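Please walk through the chain shown here, beginning with its pocket and moving on to its sheet and helix packing.

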Amino acid sequence: YTLIMPVFVSNFPYPLYTIQFFSHRFGETPYGDILRQQIAEYEKINPNIKVEPIEVPVGELEIKLQTMVMGGEPPDVAFLAQSSGILIAKGVLMNLEPFIEKAGGQAYKDKFPDGAASTVSDFETGDWYAIPAETQFWTLVVNMDLAKEVGVAIPESRVWTWEEFMEAAEKFTRDVDNDGVIDHWAYTNYGEGCLDCVAMVVGQWMLANGGTWWGFNDTCTEVDLMIPENIEAFKHYISLGTDGYQPPGYIERGGGDHYRLFAEGAAAMAVTHPGGVARTIGLSEGSISELRPIFLPGPGQKVSLYTESWGIGDGAEHPEEAWDLINWLNSDEKALERMKIQGTLPATITAFSKVEEIAPENAFWAGLANGHSEQACYHYLPNSLEMMTWMGQTATRAYQGEDIETVLNELEEKLSQALVE
C-alpha cells in the first residue's frame, strides 16, 4: 500500500505578519473610521499583513507606550499625539535613521516643511525617531454664523488688533433669552481637565503678541518669560475668564466640555486646530455652517507648528513592515483623504500644495506653514509634559486671583531650574 498525504496549497503569501498599531485615533469620530478604512485597504493590497489596532486614550498615550516597550511588547507602529521629543528620552522609539538613509537620506527629510524636523528629532543628535504624519496649527477660530448674527466682521487679512477683538467679544457675550443672565459667551478654552492644552493655547497668545513661546529661546536652553509682550498676552488671556467672556466652569473644563460648548454655539470663539474644527462641526450635527480660522489678536501673526507623527516602538518585532505601512499611510493620496474627512493637514510639502485645490476651507491653515510658524520647545524637552502642566497650573492660579507677575516669575524660576537639572 502507498500512503498518499494530501497537500494543501495556500493562496496567501508567506510569511504572515501581524502588525500592532498603537493610536489614540481609533476611538475618535470621524478620524477612527477613516483610519480603519485605510488599514483595511492596506491589508487587501498586502494579504500577508494583518494590522491589529491598539486603542488608547490620548491622556494615557505616553505611559501606555512606555509600559509596552519596557515590558517587552513594543508596538510596531505608534501614532504619536504630540511631538516625539517628549518620548525620545524615554527610550521608547526606534531610531529611524537607517530606514531614512535607505529611502533617500536628506532628500527624504526634505519632503517635509521647515520646522517639521524639530518635532520628530533628538535635540542633541538630530536623528529622527518619528516621521511627521499630520500638521497642526493652533489659532483663533470664529463661528461665522454667530458673527453674522451679531454683526461681527472678519477683516480680509484675518488680523484683529486687541481692541477689535474685544469689540467682537462684547457683541458675542449676551443674554439671548432675556432673563437677565448671560447665556452666550465670546470665548471658550480648556482648563484643569487638560493643563497641557492650556499651555499650548497660552503659548499661541504670547507668539501672536510678538512674544515667545513661554519665554524659551531658540535653542530651548534658557527661559526669559518676563518680557512685556508675554506678560501682556497672559493678562489678555486671563481677562477673558475673569471679566466674564467665558462660560462658567472654565477653570475645571476639559476638552470634552470645551468642544461641546463651541459646537452648541454657547461660545463664539476658541483657539483650536484643524482637527478640532472638524470635531466641533461633527458635534454640532450640522448646526454650524462655517468655523473660520484667523490670527490671534496682536502684531506677531505667529503660531507654533505642531505635528502628530508616526513612530516605531523600540524593539518592535516587525520594523520593516511597520516602515512600509507608515509610508503608505503618509502618501499624499492617503493624507489628503484623511484631511477631507477630519480636517487635519498633511505633512509633506507636495501634499500641502494640493490643499487649497482639494479643500479650499483649509487654505488659511496651510498658509501658516510659510512664514508664520515657529518651533515651540515642547517638541524637544524630555520633561515638557511636566513643564506644560506647570504652565497650565500657573494660568489656574492667575484665574483664581493671584498676582499675575508673581505667578509668572515663579514659573520662570521653576522652568529655568528644570532646564539646569
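**Pocket, sheet and helix contacts**

The largest pocket is lined by 37 residues, and those nearest its centre are His24, Glu28, Val58, Cys197 and Arg279. The model that shows this pocket is a predicted one. The volume of the largest pocket is about 980 Å³. Several elements contribute to its lining: α2 (61-70), α8 (195-208), α10 (255-264), α11 (274-284), β9 (303-311) and α17 (384-399) supply at least two residues each. Of the lining, the largest share comes from α11, with six residues. Sorted by class, the residues that line the largest pocket are 19 nonpolar, 12 polar and six charged.

Two of the lining helices, α8 and α17, also pack on each other. Their axes lie 7 Å apart and make an angle of about 80°. Angles of 65 to 115 degrees count as roughly perpendicular, so α8 is roughly perpendicular to α17. On the α8 side the contact is made by Leu195, Asp196, Val198, Ala199 and Met200. On the α17 side, Leu385, Met388, Thr389, Met391, Gly392, Gln393, Ala395 and Thr396 take part. By class, this contact of α8 with α17 has eight nonpolar residues, four polar ones and one charged.

The next feature is a sheet. It is open, has four strands in the order β6-β7-β5-β8, and its pairing is mixed. β6 (185-188) and β8 (291-294) are the edge strands, each pairing on one side only. From one strand to the next, the twist averages 25°. At the β6 edge, β6 pairs with β7 (residues 267-272) in the parallel sense, over three bridges. Within this part of the sheet, Trp185 stands opposite Ala267 in β7. A helix covers strands of this sheet by contact: α10 packs on the sheet and touches β5 (139-143), β6, β7 and β8. The direction of α10 makes about 135° with that of β7. α10 also links this description back to the pocket, as one of the elements that supply at least two residues of the lining.

A further helix pair is formed by α7 (residues 162-172) and α9 (residues 228-242), which pack at an angle of about 10° with their axes 13 Å apart. Since angles under 35 degrees count as roughly parallel, α7 and α9 are therefore roughly parallel to each other. The residues that meet are Trp162, Phe165 and Met166 in α7 and His236, Ser239 and Leu240 in α9. By class, the contact of α7 with α9 has four nonpolar and two polar residues, and no charged ones.

Conventions: Residues numbered from 1 in each chain as written. Predicted model: local features only at pLDDT ≥ 70, side-chain atom pairs only at ≥ 80, totals over all residues. Heavy atoms only, no water. 1 Å grid on protein atoms, 1.4 Å probe; cavity = no way out; pocket = protein on both sides within 12 Å on 5 of 7 lines; lining within 4 Å. Points joined across faces, edges and corners; volume = space filled by probe spheres on them. Nonpolar A, V, L, I, M, F, W, Y, C, P; charged D, E, K, R; others polar. Axes fitted to C-alpha atoms, helices over the stretch in contact; angles between N-to-C directions. Parallel < 35°, antiparallel > 145°, perpendicular 65-115°, else oblique. Contact = heavy atoms within 4.5 Å. Pairing = 2+ DSSP bridges.
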